[in-house]
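Student: I have a structure open on my screen and would like to walk through it with you. Could we take it one question at a time?

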Amino acid sequence: MTQSATALSPLDYDPFDYRTHDDPYPVYQRLRDESPVFHNKKYDFYALSRYDDCQQAVRDFKTFTSAQGTSLEELKAQVELLINTDPPVHSRLRHLTAGLFTPAKVAPLEQAVRDMAGELLVPHLAAGRLDIIDDFAARLPMAIICRLLGFRREDEDLLRSWTDTVVHRDEGVFAMPDEGMQATLRLYDYFNTEIAERARAGSTRDDIIGLLMAAQAEGRIDHEGVLGYIYILSIAGNETTTKLIGNMCYQLHRHPDQFDAVLADHSLIPGLIEETMRFDGPTQMMARTTTRDVTLHGTTIPAWKKVALIFTSGNRDERHYPDAEQFDIRRNPRDHLGFGGGLHACLGAALARLEARVAMEEILSALGHFTVDETNLARMHSPNVRGFTHVPVSFTPC
Amino acid sequence: MPSITYIPVDGAPIVADLSPDMTLMELALINDVPGIIGMCGGICSCATCLVHVDEGWFERLPAMTAEESEMVSVLDHATPTSRLGCQVRLDESLDGLTVRVAEPA
């Protein structure tokens with residue numbers, strides 16, 4: 001689409017419109033320039049697209065609350081979760097596990113990630129072909145979060161199919177489809193079974209579920225809260241890391257000079273991760289709800305309206321990043337919005353960085369240079385998640 | 001009411017009611033203390049919650065982990081009494097604590 005064609009068409013931001021999923025960035029640029037506080041009249045929500053506004057909003061939870069949910073649709077669950085609470089409730093919940101998610105605390109998982117990565121890659125090396133998502137990236141993060149949560153390896157595929165279904169949105173449909181609700185129930189059943197088995201066995205493991213069960217016994221969280229907590233961790237830790245790995249491989253393919261540079265020097269991988277999180281991150285946006293009238297850039301958002309914080313737009317804001325539309329693995333943007341920001345910033349960010357780094361080290365070591373089969377790329381359709389369901393690659397068999 | 005005082009880089013001190021079990025970083029965000037960003041939400045990954053603790057108070061804080069110590073030690077703008085706000089869990093014994101918000105890196 002040419003520049004003049006987009007300039008003539010009416011500006012609209014509709015995250016449920018599949019047509020924009022391939023390349024939403026021209027629309028985001030127009031939003032930033034023409035309508036930094038955009039009102040989607042069809043669904044009556046607002047959208048912030050500039051870096052500074054998104055960063056301010058994630059810090060200012062009193063004005064932009066998470067208590068009404070972080071999706072644009074109405075919040076169905078009334079259970080207090082990490083994702084839909086503000087301080088002090090949020091702080092109490094986050095403290096239950098935050099200590100397990102610092103870089104030093106997740107570092108011991110490195111060998112497990114490396115071993116699993118190797119296991120997943122080896123069967124495909126002789127063929128010189130694999131699907132980065134199906135054969136690798138879809139399985140690796142789920143395997144690690146299952147290990148963290150203490151679930152059985154043989155259950156990983158089933159859990160992943162349920163969590164994928166929970167995240168999916170049908171085209172043009174605002175709310176979670178029935179299949180998503182069913183998948184949620186199945187996940188809760190599974191968690192209940194796991195918890196009951198641990199209780200029966202008198203298990204006192206100090207992993208995440210062990211910590212949550214102990215907190216429940218001390219009255220610091222109720223049973224529904226424990227289930228909801230595990231639910232959030234199962235989804236958050238799975239989908240997004242998968243998409244990050246796929247997006248990194250895709251961007252390397254699209255930027256051959258930088259691909260060569262990373263192949264020659266793996267110390268560039270952390271920079272690749274941060275720049276992919278900025279340039280093409282897996283989380284497009286999270287919503288908040290205004291608690292009062294807010295006026296920004298001359299537009300007033302009334303109280304109690306949903307506001308989409310478009311992180312993938314803020315991350316391309318030339319007001320904050322020079323040459324924002326250029327992908328540069330040497331940029332090292334540690335202040336990107338790819339993990340959100342403020343008190344709800346991604347709890348699993350250190351784990352995601354670890355997995356992404358080790359995954360790329362193993363992919364590049366095993367495959368060397370690869371080529372993405374662009375005709376068979378398939379994109380996931382979701383208002384929140386940005387990435388592929390298939391990234392087929394070919395490489396020199398070994 | 002027990003309280004903590006934050007001194008921003010520019011501007012008047014902000015006196016915050018001390019909530020036990022909150023961290024210095026969380027309390028700062030709750031009280032809109034300028035200059036404390038908390039970009040990583042408290043998982044010891046960004047150092048945008050760095051504060052300089054007044055002498056006399058530094059020894060009274062809960063000890064630093066090796067991880068926090070390592071993170072602070074590589075910061076150009078850290079002093080010998082700097083702490084990452086997200087790693088300091090508050091309790092009533094810290095009533096009256098005063099910290100200065102670090103200049104941006």
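Student: Which strand of chain A is joined to β8(A) by 3 bridges and runs parallel with β8(A)?
Tutor: Happy to help, and do keep in mind that this is a predicted model. Look for a residue facing β8(A): A:Y46 stands opposite A:V307 in that strand. The parallel partner joined to β8(A) by 3 bridges covers residues 45-48 of chain A, and that is strand β2.

Student: Which strand pairs with β8(A) in the antiparallel sense?
Tutor: Start from A:K306 in β8(A), whose bridge partner is A:T289. The antiparallel pairing runs over 5 bridges, and the strand that makes it, residues 285-290 of chain A, is β5.

Student: How many residues of β8(A) are buried?
Tutor: Take the two faces in turn. A:K306, A:A308 and A:I310 point one way, A:V307 and A:L309 point the other way, and all are buried. For the strand at residues 306-310, which is mostly covered, the count is 5 of 5.

Student: What does A:V307 touch, leaving out residues up to four places away in sequence?
Tutor: Some of the contacts lie in the parallel partner β2(A), residues 45-48. With the sequence neighbours left out, the list is A:F45, A:Y46, A:A47, A:L48, A:F64, A:A287, A:R288, A:T290 and A:I301.

Student: How many residues does the largest nonpolar core have, and which helix gives the most to this core?
Tutor: As background, nonpolar side chains tend to be buried together in soluble globular proteins. Here the residues with the most contacts inside the core are A:A47, A:I132, A:L140, A:M248, A:V307, A:A308 and A:L309, and the core has 133 residues. The element that gives the most to this core, with 12 residues, is α16(A).

Student: Why is α14(A) described as largely enclosed by the rest of the structure?
Tutor: Helix α14, residues 269-280 of chain A, reaches 15 Å from its first C-alpha to its last, close to the 16 Å expected. Its buried residues include A:I269, A:L272, A:F279 and A:D280, and what covers the buried residues includes α12, α13 and α16 of chain A. The helix is largely enclosed because the number of its residues that are buried is 10 of 12.

Student: Which strands are at the edges of the open sheet with the order β4-β12-β9 in chain A?
Tutor: This sheet of 3 strands has antiparallel pairing. β4(A) pairs with β12(A) over 3 bridges, and A:L130 has A:V393 as its bridge partner in β12(A). The strands that pair on one side only are β4 (129-131) and β9 (370-372).

Student: Now chain B: why do β2 and β4 of chain B each have one side without a neighbour in the sheet?
Tutor: The open sheet has 5 strands in the order β2-β1-β5-β3-β4, with mixed pairing. Within this sheet, β3(B) and β5(B) pair in the antiparallel sense over 3 bridges, and B:V53 stands opposite B:V99 in β5(B). The two strands you ask about stand at the edges, so each is left with a single partner strand.

Student: Last one: how many residues of chain B are in contact with chain A, and how do they divide into nonpolar, polar and charged?
Tutor: On the chain A side, 20 residues take part, and they are in contact with 17 residues of chain B. Helix α1(B), residues 24-30, supplies the largest share of the chain B side, 3 residues. By type, the chain B side divides into 9 nonpolar, 5 polar and 3 charged.

Note on methods
Residues numbered from 1 in each chain as written. Chains lettered and ligands numbered in written order. Predicted model: local features only at pLDDT ≥ 70, side-chain atom pairs only at ≥ 80, totals over all residues. Buried ≥ 20, exposed ≤ 12 C-beta atoms within 10 Å, placed from the backbone. Helix = DSSP H or I, 4+ residues; strand = E, 2+ residues; numbered from the N terminus. Pairing = 2+ DSSP bridges. Contact = placed C-beta atoms within 7 Å. Nonpolar A, V, L, I, M, F, W, Y, C, P; charged D, E, K, R; others polar. Expected span 1.5 Å × (residues − 1). Core = buried A, V, L, I, M, F, W, Y, C linked by C-beta atoms within 7 Å.
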